[in-house]
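Grab the model and work through these exercises with it open. Each one sets a task and then walks through a solution.

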Amino acid sequence: MLGIIEVFTRRLVLILALGLNCTPAFAAESQLDGRALGAIWVLPFAGMLLSIALMPLLLPVFWHRHYGKVSAFWALAFLLPATFLFGVPSTGHELLHVLALEYIPFLILIGALYCVTGHIYIRGNLHGSPGLNTGLLALGTGLASIMGTTGAAMLLIRPLIRANDDRRYNVHVIIFFIFLVANIGGSLTPLGDPPLFLGFLQGVSFSWTLSHLLAPMLLTSVILLAIFFALDFHLYRKEGRRRPDPTPDSKVSIEGARNLLLIPAILVVVLASGSFKLGEIHVLSLTLEVQNILRDLLLLLIAYVSFTTTPHGTRLANGFNFEPVIEVAKLFAAIFITIVPVIAMLKAGRDGALASVIALVTTPEGQPINSMYFWLTGGLSSFLDNAPTYLVFFNAAGGDAQQLMGPLASTLTAISAGAVFMGANSYIGNAPNFLVKSIAESRGITMPSFFGYMLWSGCLLLPIFAVLTVIFFR
């Protein structure tokens, strides 16, 4: 079995290398030296993230049609100058490394979770009382760490909307759903939110997030659920449920229930890849771990089983298609490529062009300032994508997973909580936010504008985050 995997992997990586016109002479010393890079190398990464943040708002039609071209432009804005200045071997090594060891595993996990949860459809109608709504939000918050924020959000948002389609006041239900299910609930495992899976790929153990983020996640969730119940109870009594429920009563049932068994299968596969060492395969300059190769192949198999065994009607009922995964693939390809020089400069520390960033989160004696890590990671995650933001500050804190899980555990906790929790601060902080907003609007719910939503998050979330800072991140 190991021999088959090794042959398959060598051929795959060799094809990638030939496609890049790279030679097998890659060596570790050909990697980019962050001390030799100027701040101008940040521009492709910044341009990519700003494009994601602003173009869907300012140029929605153009972005929808051409986001792939925009991504390619920013990727080439790094690759072409780097190839010219540093040569094909060095640039090719970085590209091959980031694709094979980070981007492809990341995309496979996202795709597997999306495929499995997208084939589960909850049919029937509930009635949105404060108790039921709070229960559904609590359920989704718990599920988010098991099936991912995107999976939990896509599974529950439609039943939640149907349950509240007779409510005069229902916008707040969707807003709290974004807070809890699409963001904060995904903080306990690497499956929950993309930043944590990137940390897992960097060497953070699977159980570390559960043990260190459980307390801040529970405190934040309990406060938000209590506020929601009080608000929903007040509005429920105020509206008096005068209108009849337009959705006919029907028995609640689950279509594609067999996919529920595939979710723990994904959990077991990812957990096993971080728990067992099955050896290494050396291909060109890459060191590929056998258990990680098996993980990715098994995740692809799980997605294939889900797709081929679920009736087509279930997919139609859920509005399932692969466009969201294609969008993630194109956008994150550019993000992973353009972040290469940024990480190299951060690893250079005070000798690199991003020394000012290091100074903001570090005392003159070199000690991390956890509160600054929490707020800076969270602030950028509010408006940029939280996955690359996590990587930036992970590397700003040294990038050594063993150190960050040990002596610097409080720093990694601050980075992780900032990236996951504060993705809820705006519609563009995390991918599920916009998906939930779009689904709600398609069902006739008038959602707040970009800044209207931020008024909600600012009033409700920022005070809670201030409390977290005092308790956990001083």
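**Exercise 1: Follow helix α3**

Helix α3 has a kink of about 75 degrees, and H66 sits at its centre. Keep in mind that this is a predicted model.

Task: work out how the span of α3 compares with the expected value, and find what comes just after the helix.

Solution, step by step:
- Start with the length: α3 covers residues 60-86, which is 27 residues.
- Now take the span. From first C-alpha to last, α3 reaches 37 Å, close to the 39 Å expected at 1.5 Å a residue.
- Step just past the helix and you hit G87, with a positive phi of about 95 degrees.

**Exercise 2: The buried side of α3**

Task: list the buried residues of α3 and say what helps cover them.

Solution, step by step:
- Pick out the buried residues of α3: W63, Y67, V70, S71, A75, F78, L79 and A82.
- A bit of helix geometry helps here: an α-helix has 3.6 residues a turn, so residues three or four places apart point the same way.
- Then look at the cover over those buried residues, which includes α2 (43-58), α4 (88-118) and α12 (323-347).

**Exercise 3: Hunt for cavities**

Task: how many cavities of 30 Å³ or more does a search of the whole structure find, and what lines them?

Solution, step by step:
- The whole-structure search turns up 2 cavities of 30 Å³ or more.
- Take the largest cavity, which holds about 40 Å³ of space. Its lining is made up of I122, R123, G124, N125, L126, P159, R162 and V252. Two elements, β1 (121-123) and α5 (130-163), each give two or more residues to that lining.
- Sort the lining of the largest cavity by type and you get 4 nonpolar, 2 polar and 2 charged residues.
- Move to the second largest cavity, with a volume of about 40 Å³. Around it are L198, F332, I335, F336, I339, A387, P388 and L391. Here α12 and α15 (386-396) are the elements giving two or more residues, and α12 gives the most, with 4.
- Sort this lining too: 8 nonpolar, no polar and no charged residues.

**Exercise 4: Place N395**

Task: decide whether N395 is buried or exposed, and name what it touches.

Solution, step by step:
- Find N395 in helix α15.
- Check the accessibility: buried means under 20% relative accessible area. N395 comes in at 4%, so N395 counts as buried.
- Leaving out residues up to four places away in sequence, N395 touches I343, L346 and K347.

How values were computed
Residues numbered from 1 in each chain as written. Predicted model: local features only at pLDDT ≥ 70, side-chain atom pairs only at ≥ 80, totals over all residues. Heavy atoms only, no water. Expected span 1.5 Å × (residues − 1). Bend = angle between axes of the 7 residues up to and from the residue. Buried < 20%, exposed > 50% of the residue type's maximum accessible area, 1.4 Å probe, protein only. Contact = heavy atoms within 4.5 Å. 1 Å grid on protein atoms, 1.4 Å probe; cavity = no way out; pocket = protein on both sides within 12 Å on 5 of 7 lines; lining within 4 Å. Points joined across faces, edges and corners; volume = space filled by probe spheres on them. Nonpolar A, V, L, I, M, F, W, Y, C, P; charged D, E, K, R; others polar.
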